[in-house]
Amino acid sequence: MLKKLLILIYLVPLLFPIFGEAKSKHLLFNRPADSSQARYVIDLMSIAYDKLGYKMHIIDFNHQSALAAANNGTLDGQLGRISSISEQYKNLHLIDFPLFEFNLILLKNCLHCSFEQLNSIAIQAGYPAAQDYLDNNPFIGNVVRVKSVTAQLNLLTQKKVSGLILLDFILHTKHPSFDMSQFQTEVFTPIQSFHFLHTRHKALIPKLEAELRRLNENGTVQFLRAKYQLD
């Protein structure tokens, strides 16, 4: 019995580093809104992390609070976000490899009015692209923040707001049959989406960027883009 106890005492310190290493090889991210772009990013980043010896774990998490959770370290980063989020969330570091591009668009219910002339607009909370545009293009009308693109569309069709700012791929994914012809559409700007890691994983960033470049060079990125019909 004493011999077994001594063996156990000897083995426990040796096992702790193994457990610690295993824990450090897992990365936690929130599940993005389902779309072809999201499935592509999950697939691509899973492959890249696997090549580096890491496993991604994706959990359901309140989208509106995901950025704050990633910044405080509850999550290990963000799968795909616009580049400017690091200005507000200082603990999130951009991985310098554009994942995909989308358009920020304006839907409005007036034919000849400009964006500046609208009385009110609705934007979706949790997607910084619209707020970022407003920060750089001041709007004097009323800004209504809602939780979903469905709520945005309802406000517009009921004429409770004059316009919407939204991400084109989210609109097409959530409401593929929505009749856009009844409204005026204006493309504000194309925007690139990037992966972000919390600052505690800063040493991993150059390795991950190199791996993503390798996957681009060997055709994996192009294969996945075709798989999810992003081209």
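Helices and strands are DSSP runs, numbered from the N terminus. The legends below use these labels for a predicted model.

**Figure 1. The turn after helix H7 of the predicted model, at Gly219.** Gly219 follows just after H7 and takes a positive phi of about 95 degrees. Most residues other than glycine have a negative phi. Two residues that are not glycine but have a positive phi appear in Figures 4 and 5.

**Figure 2. Helix H7 (residues 205-217) and its two sides.** The helix has 13 residues, and at 1.5 Å a residue these should span 18 Å; the end C-alpha atoms are 18 Å apart, so the expected span and the model agree. Ile205, Leu208, Glu209, Glu211, Leu212 and Leu215 are the buried residues shown. They cover an arc of only 160 degrees around the axis, which puts them on the same side of H7. An α-helix has 3.6 residues a turn, so residues three or four places apart point the same way. On the other side of H7, Lys207 and Glu217 are exposed. The buried residues of H7 pack against helix H2 (36-51), strand S4 (92-94), strand S9 (184-198) and helix H8 (220-227).

**Figure 3. The largest pocket and its lining.** The volume of the largest pocket is about 320 Å³. Its lining consists of 20 residues, and Gln88, Tyr89, Tyr127, Pro128 and Gln131 lie nearest the centre. At least two lining residues are supplied by each of helix H3 (63-71), strand S3 (77-82), strand S6 (120-124) and helix H4 (128-136). H4 gives the largest share of the lining, 4 residues. By residue type, the lining divides into 8 nonpolar, 7 polar and 5 charged residues.

**Figure 4. Lys159 in the loop between helix H5 and strand S8.** The loop that holds Lys159 connects H5 (149-157) with S8 (163-167). Lys159 is not a glycine, yet has a positive phi of about 60 degrees. With a relative accessible area of 67%, Lys159 is exposed, the cut-off for this term being over 50%.

**Figure 5. Gln229 in the segment after helix H8.** Gln229, a residue other than glycine, has a positive phi near 55 degrees. The relative accessibility of Gln229 is 73%, and Gln229 therefore counts as exposed. The segment in which Gln229 lies comes after H8, a helix that the buried residues of H7 pack against in Figure 2.

Terms used:
Residues numbered from 1 in each chain as written. Predicted model: local features only at pLDDT ≥ 70, side-chain atom pairs only at ≥ 80, totals over all residues. Heavy atoms only, no water. 1 Å grid on protein atoms, 1.4 Å probe; cavity = no way out; pocket = protein on both sides within 12 Å on 5 of 7 lines; lining within 4 Å. Points joined across faces, edges and corners; volume = space filled by probe spheres on them. Nonpolar A, V, L, I, M, F, W, Y, C, P; charged D, E, K, R; others polar. Expected span 1.5 Å × (residues − 1). Buried < 20%, exposed > 50% of the residue type's maximum accessible area, 1.4 Å probe, protein only. Arc of directions from axis to C-beta. Contact = heavy atoms within 4.5 Å.
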